[in-house]
Amino acid sequence: MIKSIGLIAALFLCTLTLPAQNVVHRPLSYGDRIHGYVLCNGKCVDAVYSVRDIEGTQVELGCNSYSQTAVDTALAGRIVVPLRITAPNGQSFLVTSASRHCFAHCSHITEVVLSDSIRDIGDQSFMNCRSLKSVELPSGATNLWPYAFRGCSKLRRVIVKATVPPDSYNDVFDEHTLRFATLVVPLASAEAYRQAFVWNMFRYSIPSIDL
């Protein structure tokens, strides 16, 4: 009798757990957060993204928040942001922006490469990255928001692949960066950068045929 009761209980528990194996995840929509990754020194590490558009096809790195970064602030070395990420439900998303504060206070990262799909670099996105020496802004970049690179006291190389100079606020970079960092721009766009607000404030500028 006791064995029979135990068998019935076990079968009952199994029937309770079976539906969980067939859960259908709803499509993600605007504002939903996703756990993805960035590459840190060639290895995948956790990063937070959020859905950027109502169609559910684009994401921004971070949460558009001043209180939360996209990654662990203890990360060190070279960071590469991927072109696309895939959510746990299988949806694929294009990474189109780096949100406000996404790398703020990551004081040990030394280099950042943003994917060519990224258009917006948010306000304070790299603020106080005190070890950052080099940043590569993508060909699709159109906007740099206030204080994006303030407090990056070791920044010495700013590579911009965009053929049209991105719109920028006058407080995107510290005066220290404008004075000592080298701006590298596409050769065909050299004159446009010399005339563009903020970009014409860099003391050193190098046109490059490789961009």
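User: What makes Cys106 count as buried in this model?

Analyst: Happy to walk you through it! This is a predicted model, and in it Cys106 has a relative accessibility of 0%. Buried means under 20%, so Cys106 counts as buried.

User: And what makes Cys63 count as buried?

Analyst: The reasoning follows the same path. The relative accessibility of Cys63 is 11%, and the cut-off is under 20%, so Cys63 counts as buried.

User: How many disulfides does the structure hold?

Analyst: The structure holds zero disulfides.

User: How do you know that Cys106 is in no disulfide?

Analyst: Look at its nearest cysteine sulfur, which belongs to Cys129 and is 5.4 Å away. A disulfide needs two cysteine sulfur atoms within 2.5 Å, so Cys106 is in no disulfide.

User: Why is the sulfur of Cys63 too far from that of Cys102 for a bond?

Analyst: Cys102 holds the closest cysteine sulfur to that of Cys63, and the two are 9.8 Å apart. Set that against the limit of 2.5 Å, and the sulfur of Cys102 is too far for a bond.

User: Let's turn to the rings. How many aromatic pairs are there?

Analyst: Searching the whole structure gives eight aromatic pairs.

User: Why is the pair of Phe173 and Trp199 called edge-to-face?

Analyst: Two values settle this one. The ring centres of Phe173 and Trp199 are 5.8 Å apart, and a pair needs centres within 6.5 Å. Their planes stand at 65°, and planes over 60 degrees apart count as edge-to-face, so the pair of Phe173 and Trp199 is edge-to-face.

User: What does that pair tie together?

Analyst: Phe173 lies in the loop between strand E12 (167–168) and helix H2 (175–180), while Trp199 lies in the loop between helix H3 (190–195) and strand E14 (204–208). The pair therefore ties together parts that are 26 residues apart in sequence. Phe173 and Trp199 are both buried.

User: What makes the pair of Tyr193 and Trp199 edge-to-face?

Analyst: Try the steps again: the centres of these two rings are 5.9 Å apart and their planes are at 75°. With planes over 60 degrees apart counting as edge-to-face, the pair of Tyr193 and Trp199 is edge-to-face. Tyr193 is buried, as is Trp199.

User: Which residues do ring pairs link into a cluster?

Analyst: The cluster consists of Phe103, Phe126, Phe149, Phe173, Tyr193, Trp199 and Phe202, linked by ring pairs.

Terms used. Residues numbered from 1 in each chain as written. Predicted model: local features only at pLDDT ≥ 70, side-chain atom pairs only at ≥ 80, totals over all residues. Heavy atoms only, no water. Phe/Tyr/Trp six-rings, centres within 6.5 Å; stacked < 30°, edge-to-face > 60°. Helix = DSSP H or I, 4+ residues; strand = E, 2+ residues; numbered from the N terminus. Buried < 20%, exposed > 50% of the residue type's maximum accessible area, 1.4 Å probe, protein only.
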